[in-house]
Amino acid sequence: MSDSPKPSYGLLFLRLALGGTIAMHGLSHVFGILGGPGLANFSATIAQNHPKFPGWSGHALAITELSAGVLLVLGMFPRLAALAAILVLGAFAWLGNHHRTFFDEQGGIESYVLQGAMAVCILTCGPGRMALGGRKAEE
């Protein structure tokens, strides 16, 4: 691979798009901004719809989602953040949509699959050179 900065720009934009999307979703779950439920309501919904899960699981999902998004945007601990994002996205897909179809218009898991694939790219390639922490992409 050449010393071209193009792969690093691509990884930067990938991290910003994925991390920004996940962070905004996490902000709505944790703080209730952008019309979101807030942490108490989000956790209550998880507990009500899935009584087998402990009461703190909604808190853990929302805080992990927000943390993973922020870390991805900053490029700090990017592989750990990408793994956390994959786990959160998988949990959301399973908790809310595992019985439905693939396509988003029908309540499916389409966006979770796309975001999960983006996170796998960061997990396998690293954050690129334009990150606050972690290693550059493998060359």
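## Exercises on helix packing and cores

α2 passes α3 in a right-handed crossing. The exercises below use a predicted model.

**Exercise 1.** Describe how α2 and α3 pack, and state which residues meet.

Step 1. Two packed helices are described by the angle between their axes and the distance between the axes.
Step 2. For α2 and α3 the angle is about 125°, and the axes are 8 Å apart.
Step 3. That angle makes α2 oblique to α3, since angles of 65 to 115 degrees would count as roughly perpendicular and those over 145 as roughly antiparallel.
Step 4. On the α2 side the residues are L39, F42, S43 and I46; they meet S57, G58, H59, L61, A62 and I63 in α3.
Step 5. Sorted by class, this contact has 6 nonpolar and 4 polar residues, and no charged ones.

**Exercise 2.** Set out the secondary structure of the protein chain and the order of its elements.

Step 1. The chain has 5 helices and 0 strands.
Step 2. Read from the N terminus, the order is α-α-α-α-α.
Step 3. The chain has 139 residues, of which 37% count as buried.
Step 4. Of the contacts between residues at least 6 apart in sequence, 61% join residues at least 24 apart.

**Exercise 3.** Find how α1 packs against α2, and classify the residues of the contact.

Step 1. Helix α2 covers residues 38-49, and its axis and that of α1 are 4 Å apart at an angle of about 90°.
Step 2. This makes α1 roughly perpendicular to α2.
Step 3. From α1 the contact takes S28, H29, V30 and F31, and from α2 it takes G38, L39 and F42.
Step 4. The classes come to 4 nonpolar, 3 polar and no charged.

**Exercise 4.** Repeat the analysis for α1 and α5.

Step 1. Helix α1 spans residues 6-31 and helix α5 residues 110-125; the angle between them is about 135° and their axes are 10 Å apart.
Step 2. α1 is therefore oblique to α5.
Step 3. The crossing of α1 past α5 is left-handed.
Step 4. L11, L14, R15, A17, L18, T21 and I22 belong to the α1 side, while α5 supplies Q115, M118, A119, C121, I122 and C125.
Step 5. These divide into 10 nonpolar, 2 polar and 1 charged.

**Exercise 5.** Is Q115 buried or exposed, and what is it in contact with?

Step 1. Q115 lies in helix α5.
Step 2. Its relative accessibility is 17%, so Q115 counts as buried, the cut-off being under 20%.
Step 3. Apart from neighbours within four places in sequence, Q115 is in contact with L18, T21, I22 and L89.
Step 4. T21 is 94 residues away from Q115 along the chain, yet their C-alpha atoms are separated by 9.0 Å.

**Exercise 6.** Locate the largest nonpolar core and say which elements give two or more residues to it.

Step 1. In soluble globular proteins, nonpolar side chains tend to be buried together.
Step 2. The largest nonpolar core here has 14 residues, and L18, L72, A85 and I122 have the most contacts inside it.
Step 3. The elements giving two or more residues are α1, α3 (57-74), α4 (78-97) and α5.
Step 4. α4 gives the most, with 5 residues.
Step 5. A separate second core has 10 residues, among them F42, I46, L61 and F92.
Step 6. To follow one member of the largest core, take L72. Leaving aside neighbours within four places in sequence, L72 is in contact with R15, L18, G19, P78, A81, A82, A85 and I122.

Conventions
Residues are numbered from 1 along each chain as its sequence is written. This is a predicted model: local features need pLDDT of at least 70, side-chain atom pairs count only at pLDDT 80 or more; totals for chains, interfaces and linings use all residues. Side-chain values use heavy atoms; hydrogens and water are left out. Axes are lines fitted to C-alpha atoms, for helices over the stretch in contact, and angles run from 0 to 180 degrees between N-to-C directions. Angles under 35 degrees count as roughly parallel, over 145 as roughly antiparallel, 65 to 115 as roughly perpendicular and the rest as oblique. A crossing is left-handed if the near helix is turned anticlockwise from the far one by less than a right angle, and right-handed if clockwise. Contact means heavy atoms within 4.5 Å. Ala, Val, Leu, Ile, Met, Phe, Trp, Tyr, Cys and Pro count as nonpolar, Asp, Glu, Lys and Arg as charged, and the others, Gly among them, as polar. A nonpolar core is a set of buried Ala, Val, Leu, Ile, Met, Phe, Trp, Tyr and Cys residues joined through side-chain atoms within 4.5 Å. Buried means under 20% relative accessible area, exposed over 50%, partly exposed in between (1.4 Å probe, protein chains only).
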